[in-house]
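User: Hello! I am new to this structure and would like to learn how to read its features one by one. Could you guide me through it?

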Amino acid sequence: PRDPGTRPRPGSDRSAKVDALIRSIADSTSGPDRPDAYRAPTMLPALALVACLLLVLSMSRTALAVEASTELLTQVKSNPDNIKAWWQLGITYWKTKRYDDAVRAWHQVCKRKPALAKVQFMIGYACFKSEQLKPAAKYWRQTLSCDRQHEKARKGLQLLARKGVIGSDEI
């Protein structure tokens, strides 16, 4: 059984329902073969179509992320050294606010290539978003050890110092 949050595949039941809804909206618009008495107001179908498309897009964003994470998990299981797949898996988790899962995926990148400032920064940022402030500081320091010019990591540490999480001498 498919996860109800995943994107409908062409020909699937949910895809067919969405297609039918769009067709019914399109059919309700006036056309040359419809008598004037039966013509629907032209704006109503257009607004309904827009509302329908917005609904589908909002469902699709989460569904796409779920589908992408499933595909990426398959890729990293078959090739655990694929750091691009691990990175993308972390990004996919990040976009769905699964910060702990993102950190786990990015740790796999760090195991294989530890000196990537971008990855260290994102692990710190994910820790920050999930209110793990001490680990955030640790990873932002590691970011600066990889790239002394990384301004976002420096600003993150300054923020943590202002909050009293770390001392100003720890930046």
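Analyst: Gladly! Let us begin with a ruler for helices: the expected span of a helix is 1.5 Å times one less than its number of residues. Please keep in mind that this is a predicted model.

User: How many residues does helix α3 have, and what span should they give?

Analyst: Helix α3 covers residues 83–95, which is 13 residues, so the ruler gives 18 Å. The end C-alpha atoms of α3 are 18 Å apart, in agreement with that value.

User: What can I look for at the two ends of α3?

Analyst: At the start of α3, find N82: a side-chain oxygen of N82 comes within 3.2 Å of the backbone nitrogen of K84. After α3 comes K97, with a positive phi near 60 degrees.

User: Which residues of α3 are buried?

Analyst: For burial, the cut-off is under 20% relative accessible area. In α3, the buried residues are A85, W86, W87, L89, G90, I91, T92, Y93 and W94. For the chain as a whole, 32% of its 171 residues are buried.

User: What does the overall fold consist of?

Analyst: The chain has 7 helices and 0 strands, giving the pattern α-α-α-α-α-α-α along the sequence. To see how the chain folds back on itself, take contacts between residues at least 6 apart in sequence: 39% of them join residues at least 24 apart.

User: How should I think about a nonpolar core?

Analyst: Here is the general idea: in soluble globular proteins, nonpolar side chains tend to be buried together. In this model, the largest nonpolar core has 33 residues, and W106 and I123 have the most contacts inside it. The elements giving two or more residues to this core are α2, α3, α4, α5, α6 (133–146) and α7 (151–162).

User: Which residues does W106 touch?

Analyst: Not counting residues up to four places away in sequence, W106 touches W86, W87, G90, I91, W94, V119, M122, I123 and A126. A second residue to try is A105, which sits in helix α4. A105 is buried, at 2% relative accessibility. Once its neighbours within four places in sequence are set aside, A105 contacts W86, L89, G90 and Y93. You can also compare positions along the chain and in space: A105 and L73 are 32 residues apart along the chain, and their C-alpha atoms are separated by 9.7 Å.

User: How do I read pairs of aromatic rings?

Analyst: Look at the distance between ring centres and the angle between ring planes; planes over 60 degrees apart count as edge-to-face. This structure holds 7 aromatic pairs. In one of them, W94 and Y99 have ring centres 5.0 Å apart and planes at 65 degrees, so that pair is edge-to-face. Both W94 and Y99 are buried.

User: What kind of pair do F121 and Y125 form?

Analyst: The F121 and Y125 ring centres lie 5.8 Å apart with planes at 35 degrees, so this pair is tilted. Both residues belong to helix α5 (residues 117–129), where being 4 residues apart puts about one helical turn between them. F121 is buried, at 11% relative accessible area, whereas Y125 is partly exposed at 30%. Ring pairs also build a cluster, linking W87, W94, Y99, W106, F121, Y125, F128 and W140.

User: And salt bridges? What should I look for there?

Analyst: Look for a side-chain nitrogen of Lys or Arg within 4 Å of a carboxyl oxygen of Asp or Glu. The whole structure has 4 salt bridges. One of them joins D81 and R112, at 3.2 Å from N to O. D81 is in the loop between α2 (43–78) and α3, while R112 is in helix α4 (residues 99–112), so the pair ties together parts 31 residues apart in sequence. D81 is exposed, at 58% relative accessibility, and R112 is partly exposed, at 30%.

User: Which residues are joined into one network by salt bridges that share partners?

Analyst: Start with R98 and D101, whose closest N and O atoms are 2.8 Å apart. Then add the salt bridge between R104 and D101, at 2.5 Å from N to O. R104 and D101 are both in helix α4, 3 residues apart, or about one turn of the helix. These shared partners join R98, D101 and R104 into one network.

Definitions and conventions
Residues are numbered from 1 along each chain as its sequence is written. This is a predicted model: local features need pLDDT of at least 70, side-chain atom pairs count only at pLDDT 80 or more; totals for chains, interfaces and linings use all residues. Side-chain values use heavy atoms; hydrogens and water are left out. Rings of Phe, Tyr and Trp (its six-membered ring) pair if their centres lie within 6.5 Å; planes under 30 degrees apart count as stacked, over 60 as edge-to-face and the rest as tilted. Buried means under 20% relative accessible area, exposed over 50%, partly exposed in between (1.4 Å probe, protein chains only). A polar contact is a pair of N or O atoms within 3.5 Å; within protein, one must be able to donate a hydrogen and the other to accept it, and residues adjacent in sequence count only if both atoms are side-chain atoms. A nonpolar core is a set of buried Ala, Val, Leu, Ile, Met, Phe, Trp, Tyr and Cys residues joined through side-chain atoms within 4.5 Å. Contact means heavy atoms within 4.5 Å.
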